[in-house]
Number of protein chains: 2
Amino acid sequence: MRQTGQNRRENSGAAPDYEAFLRRLADIAADATLPHFRTPIGVDNKSGERFDPVTAADVGAERAIRAAIAAAYPDHGIIGEELGNSHDDADFVWVIDPIDGTRSFIAGVPLWGVLIGLVERGVPRLGVMAQPFTGERFFGDGSAANYEGPGGARKLATRQCARLAEATLFTTSPDLFSPAEQSAYQRVEQKARLARYGLDCYAYCMIAAGFVDAVVEAGLKPFDILPLIPIIEGAGGRVTDWQGNPPPATGQVLATGDARLHDEILELLARQ
Amino acid sequence: MRQTGQNRRENSGAAPDYEAFLRRLADIAADATLPHFRTPIGVDNKSGERFDPVTAADVGAERAIRAAIAAAYPDHGIIGEELGNSHDDADFVWVIDPIDGTRSFIAGVPLWGVLIGLVERGVPRLGVMAQPFTGERFFGDGSAANYEGPGGARKLATRQCARLAEATLFTTSPDLFSPAEQSAYQRVEQKARLARYGLDCYAYCMIAAGFVDAVVEAGLKPFDILPLIPIIEGAGGRVTDWQGNPPPATGQVLATGDARLHDEILELLARQ
């Protein structure tokens, strides 16, 4: 392996360049997932009840990412969607969803993403969402966020949207809510200017990019949301559960680009 | 303008090369739409009731496409989403939806598409769906269909899927149905292996590509569906209304990749 300045810094006593390492993990994940996209693939049914596809790409990518982390930072923990937790009480824990949006993936739709995040003592510090087919990447460290894509690189910033009546709202599917959550969600959707379904991680990144105002979801796992938090917050947005606490204790997530909108939606979600 | 062999053929007495012309129209549309994607844009509310965004890109692209058609084929008719019908009783009629999926467009989501089709005496003959951000194009002439994208060019072919219980089903949004249509749609969705929302024209193209099995929609206008028919049928699929007749008389559309699945869904849609 070529020893770049960044490699040497990571392997020396100096502060590790986790952002550079995160970029290399995104490269590894892209190499492991994109060749499987839009090819006939076998599909497992993980849960029995709900159709929950797990592809060879999913597991293969997570295995490759975990191996890279274990080699570079053997004392760090890992939480992965497919292969479970290891050392998840470590100070630094990497959180991996190799293909967020597997349903989009198997339907040939380029809105799935590789999610990788670094959590330091419970606080999400760094995150990336990579979409290998479109060549887009969204990075964030909680205080800044940036985009790289076909049109070049730029800073990510949420847009102002003070009121739900002016907001574009996304959720992956209204069928993913419990009945009580469904009622709460409907209170929000009914007041939104425009509500759309089906985007998984891509919708959160469009909040960071300033084209979507809110995402309301439930049933999320840590690896579904933790990598996205530093991107959204770095772009000026806010991410909490439906009570206003840091996710993902409840699995319910509210992400917005404008704190005023966040407060309005929290109030609607809390009503009985 | 440089006179290529194709230009000369179009302007001479030989049979016009409509496919080459369609490609140039797609180029024109890409040039007129992509620069507006992911830029802050003004949004009109066309209908009053439902939020129905019309962007400068939408109208500008249609104007450019119409001008090109009028220059090359002044005796042809045009049906466009934004600027209405002209000579729509002509033998050849071009059908244009400059941005199918304007809601995706304004949310920064690269699943909108330029739809352009050529209808000869009521029969859809040629169609293209172009997604300028991903650089993908789907062409069809009813007997063959092909794809051009970042990974190269290839023939499009639907996949076998004999039963709804094995099918991946898409609809843009369940909210777009009337109550009676909603009931009929639910009968289909409940039997599908996987149902997803939110794709507009992209879902139809994924049928042609063999990754989606069925799309059920209602309220479609001619320009929403006519350009897609030669692509889906050229790839081996089938497109009818909910009674099994050629669309779009009723605005209700069923598109599938496998005729056996088509029959099963038609039967479910017809039940009272």
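Analyst: A word before we start: two strands count as paired if DSSP finds at least two bridges between them. In this predicted model, eight strands of chain A are linked into an open sheet with mixed pairing, in the order S4-S3-S5-S6-S7-S8-S9-S10.

User: What makes S4 and S10 of chain A the edge strands?

Analyst: Strand S4 (84-86) and strand S10 (152-155) of chain A each pair on one side only. From one neighbour to the next, the strands of this sheet are turned by 10 degrees on average, direction ignored.

User: How do you know that S5(A) and S6(A) pair?

Analyst: The cut-off is at least two bridges. Strand S5 (residues 92-100) and strand S6 (residues 113-120) of chain A share seven bridges, in the antiparallel sense, so they meet the criterion. You can find one spot by eye: A:Asp100 stands opposite A:Gly113 in S6(A).

User: Which helices of chain A pack against these strands?

Analyst: Helix H3 (residues 56-72) of chain A packs on the sheet and touches strand S3 (77-80), S4, S5 and S6 of chain A, its direction making about 155 degrees with that of S5(A). Helix H6 (residues 201-208) of chain A lies across S5, S6, strand S7 (123-131) and strand S8 (136-140) of chain A, and runs at about 110 degrees to S7(A).

User: Helices next, please. Why is H5(A) called oblique to H9(A)?

Analyst: Helix H5 (residues 179-191) and helix H9 (residues 259-270) of chain A have axes that come within 8 Å and cross at roughly 140 degrees. Roughly antiparallel needs an angle over 145, roughly parallel one under 35, and roughly perpendicular one from 65 to 115. The value fits none of these, so H5(A) is oblique to H9(A). The crossing of this pair is right-handed.

User: Which residues make that contact, and how do they divide by class?

Analyst: H5(A) brings A:Ala184, A:Tyr185, A:Arg187, A:Val188 and A:Lys191, while H9(A) brings A:Ile265, A:Leu268 and A:Leu269. Six of the residues are nonpolar, none is polar and two are charged. Arg and Lys count as charged, so A:Arg187 and A:Lys191 are that charged pair.

User: And what makes H2(A) roughly antiparallel to H3(A)?

Analyst: Helix H2 (residues 18-33) of chain A packs against H3(A) at an angle of about 150 degrees, with the axes 8 Å apart. The cut-off is over 145, so H2(A) is roughly antiparallel to H3(A). Their crossing is right-handed.

User: What lies between them?

Analyst: From H2(A) come A:Phe21, A:Leu25, A:Ile28, A:Ala29, A:Ala32 and A:Thr33, and from H3(A) come A:Ala57, A:Ala61, A:Ala64, A:Ile65, A:Ala68, A:Ile69 and A:Ala72. Twelve of these residues are nonpolar, one is polar and none is charged.

User: Over to chain B. How do you know that a two-fold axis relates it to chain A?

Analyst: A turn of 180 degrees, with a shift of 0.0 Å along the axis, lays chain B on chain A with an RMSD of 0.0 Å. That is the relation of a two-fold axis.

User: Why do you say that the copies meet through the same surface?

Analyst: Because 100% of the interface residues of chain B are also interface residues in chain A.

User: What makes H2(B) roughly antiparallel to H3(B)?

Analyst: The axes of helix H2 (residues 18-33) and helix H3 (residues 56-72) of chain B come within 8 Å and cross at roughly 150 degrees. With the cut-off at over 145, H2(B) is therefore roughly antiparallel to H3(B). H2(B) passes H3(B) in a right-handed crossing.

User: Chain B has an open sheet too. Which strands are its edges?

Analyst: The five strands of this mixed sheet follow the order S12-S11-S13-S15-S14 in chain B. Strand S12 (194-197) and strand S14 (238-240) of chain B are the edges, each pairing on one side only. The twist averages 15 degrees from one strand to the next.

User: How do you know that S11(B) and S12(B) pair?

Analyst: Four bridges join strand S11 (residues 168-171) of chain B to S12(B), and the two run parallel. At least two bridges are needed, so the two strands pair. B:Thr168 has B:Leu194 as its bridge partner in S12(B). Helix H6 (residues 201-208) of chain B packs on this sheet, touching S11, strand S13 (214-217) and strand S15 (253-256) of chain B.

Terms used. Residues numbered from 1 in each chain as written. Chains lettered and ligands numbered in written order. Predicted model: local features only at pLDDT ≥ 70, side-chain atom pairs only at ≥ 80, totals over all residues. Heavy atoms only, no water. Axes fitted to C-alpha atoms, helices over the stretch in contact; angles between N-to-C directions. Left-handed = near helix turned anticlockwise from the far one by under 90°. Contact = heavy atoms within 4.5 Å. Least-squares fit on C-alpha atoms with pLDDT ≥ 70 in both.
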